[in-house]
Amino acid sequence: MRYRLTFVAGVVLGYVLGTRAGRERYEQLKKSARQFAQNPAVRNTAESAAQQGREFAGKAYHVVSDRVGDRVPESVADRVRHLRDRATHNGGEDDWGTSNT
């Protein structure tokens, strides 16, 4: 019985110390990730990647709509034409992320 009690006490002590050390390491990693994300160079790179993604998506949208436009039902083709016209009249700018309030 004494060995079982010693074993259980060791398991409990190991668990408590391990979770405390794990929590400290987690907080350390979280702080490092936050500092990395707030770095101006990282933020600029993320913004330029997002901008390039939007540009590529716009180009792909036009290529696909040009190639597929006459192979889809007329109702879908009308909607695509409407979106294409709206994009060209707005100077290529979209209204995503803006509020209408």
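Two salt bridges turn up in this structure, which is a predicted model. Both can be traced residue by residue. One of them pairs Arg23 with Glu27, and here the closest N and O atoms sit 3.0 Å apart. The other pairs Lys30 with Glu27, with 3.8 Å between the closest N and O atoms. Glu27 is thus named in each pairing, and the shared partner ties Arg23, Glu27 and Lys30 together into one network.

The spacing along the chain is worth a look. Arg23 and Glu27 are both part of helix α1, which covers residues 2–37, and four residues separate them, or about one turn of the helix. Lys30 and Glu27 also belong to helix α1; they are three residues apart, again about one turn of the helix. As for the background chemistry, side chains of opposite charge can pair when their charged atoms come close.

How open are these positions to the surroundings? Glu27 has a relative accessibility of 30%, so it counts as partly exposed. Lys30 comes out at 34% relative accessibility and therefore counts as partly exposed.

Helix α1 has a nonpolar side to its story too. Val11 lies in this helix, and it is one of the residues in a nonpolar surface patch made up of Phe7, Val8, Val11, Val12, Tyr15 and Val16. Taken together, the patch residues offer about 600 Å² of accessible area. Val11 itself has a relative accessible area of 45%, so it is classed as partly exposed.

Stepping back to the whole protein chain, the secondary structure amounts to three helices and zero strands. Read from the N terminus, the order of elements is simply α-α-α. Of the 101 residues in the chain, buried ones make up 2%. The accessible surface of the chain adds up to about 9200 Å², and carbon and sulfur atoms account for 58% of that.

Which residues does Arg84, over in helix α3, touch beyond its sequence neighbours? Leaving aside residues up to four places away in sequence, Arg84 makes contact with Tyr61, His62, Ser65 and Asp66. Tyr61 and Arg84 are 23 residues apart in sequence, while their C-alpha atoms are 8.9 Å apart in space. With a relative accessible area of 23%, Arg84 falls in the partly exposed class, because buried would require under 20%.

Finally, a word on confidence. The mean pLDDT of the protein chain is 79, and 83% of the residues reach 70 or more. Helix α2 (residues 40–68) has the highest confidence, at a mean of 86, whereas helix α3 (residues 74–89) has the lowest, at 75. Where pLDDT is low, the predicted coordinates should not be read in detail.

Note on methods. Residues numbered from 1 in each chain as written. Predicted model: local features only at pLDDT ≥ 70, side-chain atom pairs only at ≥ 80, totals over all residues. Heavy atoms only, no water. Salt bridge = Lys/Arg side-chain N within 4 Å of Asp/Glu carboxyl O. Helix = DSSP H or I, 4+ residues; strand = E, 2+ residues; numbered from the N terminus. Buried < 20%, exposed > 50% of the residue type's maximum accessible area, 1.4 Å probe, protein only. Areas by Shrake-Rupley, 256 points an atom, 1.4 Å probe, with all protein chains shown as cover. pLDDT = per-residue confidence, 0-100. Patch = residues over 30% accessible without salt bridge, like charges linked within 9 Å, V, L, I, M, F, W, Y side chains within 5 Å. Contact = heavy atoms within 4.5 Å.
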